[in-house]
Amino acid sequence: EYRQKSNITFHSNYTVSYREYRRYHFCPERSAGNESDELVLPNMLALGAALMVEDLPYALKLIFSTALKTFSETPFIKKSVKEIMWGYDDPLVDFLNRVFPGTIPFKGKFGLFAE
């Protein structure tokens, strides 16, 4: 992890504010595996999206259900460590941003440290 603070401001009430930029990188020598290792884990996109449409009208739930089938989404996914850490493109994210704009808090790649 690399951290850099910018826009550091000292206020009259003896507090400080700043913007912090963080950048992460993979250190193979400090890891038990490598970025190409594959993991099977819950599909957080599909599961999270299912919770978001839970209270929507039936017609919208039907659109969502069809989208899950169309994009072959399953409850579990197999991804590399690199994809999980740094992000991967998912057509479901693009679809949700087009059909239900503003319902998910991100665009583009999905991952733990995706920018």
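Helices and strands are taken here as DSSP runs numbered from the N terminus, a helix having at least four residues and a strand at least two. With that in hand, a tour of this predicted model can begin at the end of a helix. Just after α2, S72 adopts a positive phi of about 55°. The helix α2 itself covers residues 58-70, and the loop that follows leads to β4 (76-80).

The length of α2 can be checked against expectation. Its 13 residues, at 1.5 Å each, should span 18 Å, and the C-alpha atoms at its two ends are indeed 18 Å apart, so the two values agree. Three residues of α2, namely F64, A67 and L68, are buried. Viewed down the axis of α2, these buried residues fall within an arc of 100°, and they therefore line one face of the helix. The face of α2 that turns away from this buried side carries Y58, K69 and T70, which are exposed. Among the elements covering the buried residues of α2 are α1 (44-52) and α4 (91-99).

A similar reading can be made for α1. Here the buried residues are L45, A46 and A49. They take up an arc of only 95° around the axis, which means that they sit on the same side of α1. M44 and L51, on the other side of α1, are exposed. The cover over the buried residues of α1 includes α2 and α4.

The loop after α2 holds a residue worth a pause. E73 is found between α2 and β4, and although buried, E73 has no salt bridge. The nearest side chain of opposite charge belongs to K79, 7.8 Å away. For a salt bridge, a side-chain nitrogen of Lys or Arg has to lie within 4 Å of a carboxyl oxygen of Asp or Glu. E73 does have a polar partner, however: a polar contact of 2.6 Å joins its side chain to that of N43. Leaving aside residues up to four places away in sequence, E73 touches N43, A46, L68, D90 and L92. Two of these have already appeared above, A46 as a buried residue of α1 and L68 as a buried residue of α2.

Charged pairs elsewhere in the model complete the picture. Side chains of opposite charge can pair when their charged atoms come close. The count of salt bridges comes to 3. One of them joins K5 and E20, whose closest N and O atoms are 3.7 Å apart. Because K5 lies in strand β1 (residues 2-10) and E20 in strand β2 (residues 16-23), this pair ties together parts that are 15 residues apart in sequence. K5 is partly exposed, with a relative accessible area of 42%, and E20 is also partly exposed, at 30%.

Another salt bridge brings together the side chains of K78 and E38, at 3.5 Å from N to O. This pair links distant parts of the chain, with K78 in strand β4 and E38 in strand β3 (residues 38-42), 40 residues apart. K78 counts as exposed at 55% relative accessibility, and E38 is exposed with a relative accessible area of 51%.

K109 and D89 also form a salt bridge, their closest N and O atoms being 3.9 Å apart. K109 belongs to the segment after α4 and D89 to the loop between α3 (81-86) and α4, so the pair ties together parts that are 20 residues apart in sequence. K109 counts as partly exposed at 40% relative accessibility, whereas D89, at 58%, counts as exposed.

Terms used
Residues numbered from 1 in each chain as written. Predicted model: local features only at pLDDT ≥ 70, side-chain atom pairs only at ≥ 80, totals over all residues. Heavy atoms only, no water. Buried < 20%, exposed > 50% of the residue type's maximum accessible area, 1.4 Å probe, protein only. Lys, Arg positive; Asp, Glu negative; His and termini not counted. Polar contact = N/O pair within 3.5 Å; in protein donor to acceptor, adjacent residues only side chain to side chain. Contact = heavy atoms within 4.5 Å. Expected span 1.5 Å × (residues − 1). Arc of directions from axis to C-beta.
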